[in-house]
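Q: Could you take me through one part of this model in detail, residue by residue where that helps? I would like to know where the side chains sit, what they touch, and how the strands and helices around them are arranged.

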Amino acid sequence: MSFPRIVTSEILDELSEEDPAAQGSRRDLQRVHRVMGTRAIVGRALETLLASRPARAPLRILELGAGDGTLMLSVAQKLKLCLSNVELTLLDRQDLIRRETIERYARLGWRVQGCKKDIFDWRRENSRDQPVCMGDRWDLIVTTLFLHHFEASQLVALLDVIAASTERFFACEPRRDWLALLGSHLIGALGVNAVTRHDAVLSVHAGFREQELQSLWPAHGIQWQLDEFQAGLFSHCFRADRVGEK
Ligand SMILES: C[S@@+](CC[C@H](N)C(=O)[O-])C[C@H]1O[C@@H](n2cnc3c(N)ncnc32)[C@H](O)[C@@H]1O
């Protein structure tokens, strides 16, 4: 049976930062991540992608659609790799990062800054079409529960700039299948609010399966090692690692 991808605006994206329903839904996300096993999934991916790097080499990471930054904090706290010189930029169109979160990163030795920006402004600033390349270079770009917000044509444009800006990329998104859909309908059992219950179902319909993200990744003659796979019960992941000298 086919399961076409349908992208619909989520309620959380329409609510202001101060809206209590939005704040509640963002807290719910932490519970949802625990059930999805996101921390372990992202942690394993980062350990694989970064394994060959010298521990003391400077590492510049950009997280897209980072929300309040707490998911990546939980990943950083459990990483088995020793990363001592990390600069992390958390990009989101809302300003959600609390000072306490930045302090907790600092205790790990990670220097963190928020970047309040719409992803398509970031894309434009970093585009190959710019007469002067304003683009920043990253060792790793990572994202969770973010790419599914966008239609395929937007993703093509976005992934093109991501590929031009980084050595490595990892995305962990909702999986579009019947088990994930069932889970999204039962999410109320976690005690989450109406916004989370609504958006969870939409997220699965807009999620990914098979080689869908890989098919949108640019070619441009550059060698990438690509991998796209199911993870846990409800997640779909895509990993891109530039081949050759970095
Ligand atoms: C479902 S939340 C995921 C947050 C975080 N990555 C996580 O997994 O906990 C999606 C995030 O994407 C952000 N977002 C949505 N559309 C965006 C856009 N066009 N540009 C930048 N951020 C965006 C939202 O503000 C929100 O914080």
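A: Happy to help: what follows begins at one buried histidine and then moves out to the elements around it.

Please keep in mind throughout that this is a predicted model.

Let's start with His148, which sits in the loop between β4 (140–144) and α7 (152–165). Although it belongs to a loop, His148 has a relative accessible area of 2%, so it counts as buried. Its side chain has two polar partners to look at. One is the side chain of Glu10, joined to that of His148 by a polar contact of 2.9 Å. The other is the side chain of Ser203, with a polar contact of 3.4 Å to the His148 side chain. If you set aside the neighbours within four places in sequence, the contacts of His148 are Arg5, Val7, Glu10, Glu173, Pro174, Ser203, Ala206, Gly207 and Phe208.

The loop between β4 and α7 also holds Leu145. Its backbone deserves a look: Leu145 has a phi near 50 degrees, a positive value in a residue that is not glycine. Leu145 is buried as well, because its relative accessible area of 18% is under the 20% cut-off.

At the far end of that loop comes α7, the helix in which Ser165 is placed. Ser165 is at 3% relative accessibility and therefore counts as buried. Its side chain reaches back to the backbone oxygen of Val161 at 2.6 Å. Not counting residues up to four places away in sequence, Ser165 touches Trp122, Asn126, Asp136, Arg137, Trp138 and Ile141.

Now back to the histidine's partner Ser203, which is one of the buried residues of α9. The others listed as buried in this helix are Val195, Thr196, Asp199, Ala200, Val201, Leu202 and Val204. These buried residues of α9 pack against α1 (11–14), α2 (20–36), β5 (168–174) and α8 (178–185). At the N-terminal end of α9, Asn193 acts as a cap, with a side-chain oxygen 3.0 Å from the backbone nitrogen of Val195. You can also check the length of the helix: with 12 residues at 1.5 Å a residue, α9 should span 16 Å, and its end C-alpha atoms are 18 Å apart, which agrees.

After α9 (194–205), the loop that leads to β6 (224–231) contains Glu210. Like the leucine above, Glu210 is not a glycine, yet it has a positive phi of about 50 degrees. Is Glu210 buried or exposed? Its relative accessible area is 56%, so Glu210 is exposed.

On the other side of the histidine's loop is β4, and it leads us to β1. β1 and β4 pair in the parallel sense over four bridges, and within that pairing Glu63 has Val142 of β4 as its bridge partner. Strand β1 covers residues 59–64, and five of its six residues are buried, so the rest of the structure largely encloses it. β1 is also joined to strand β2 (residues 86–92) by six bridges, and these two run parallel. There, Ile61 is matched with Leu88 as its bridge partner in β2. With helix α4 (residues 70–78), β1 and β2 form a right-handed β-α-β unit.

In the loop between α4 and β2 you will find Cys82. Its relative accessible area is 54%, so Cys82 is exposed. The C-alpha atoms of Cys82 and Ala106 are 15 Å apart in space, with their positions 24 residues apart in sequence.

That brings up one last question, about the cysteines: how many disulfides does the structure hold? The number is zero. Cys172 shows the reasoning nicely. Its sulfur has that of Cys237 as the closest cysteine sulfur, but the separation is 3.9 Å, too far for a bond, because a disulfide needs the two sulfur atoms within 2.5 Å. Cys172 is at 1% relative accessibility and therefore counts as buried, whereas Cys82 is exposed.

Methods. Residues numbered from 1 in each chain as written. Predicted model: local features only at pLDDT ≥ 70, side-chain atom pairs only at ≥ 80, totals over all residues. Heavy atoms only, no water. Buried < 20%, exposed > 50% of the residue type's maximum accessible area, 1.4 Å probe, protein only. Polar contact = N/O pair within 3.5 Å; in protein donor to acceptor, adjacent residues only side chain to side chain. Contact = heavy atoms within 4.5 Å. Expected span 1.5 Å × (residues − 1). Pairing = 2+ DSSP bridges. Right-handed = clockwise from strand over helix to strand, strands pointing away.
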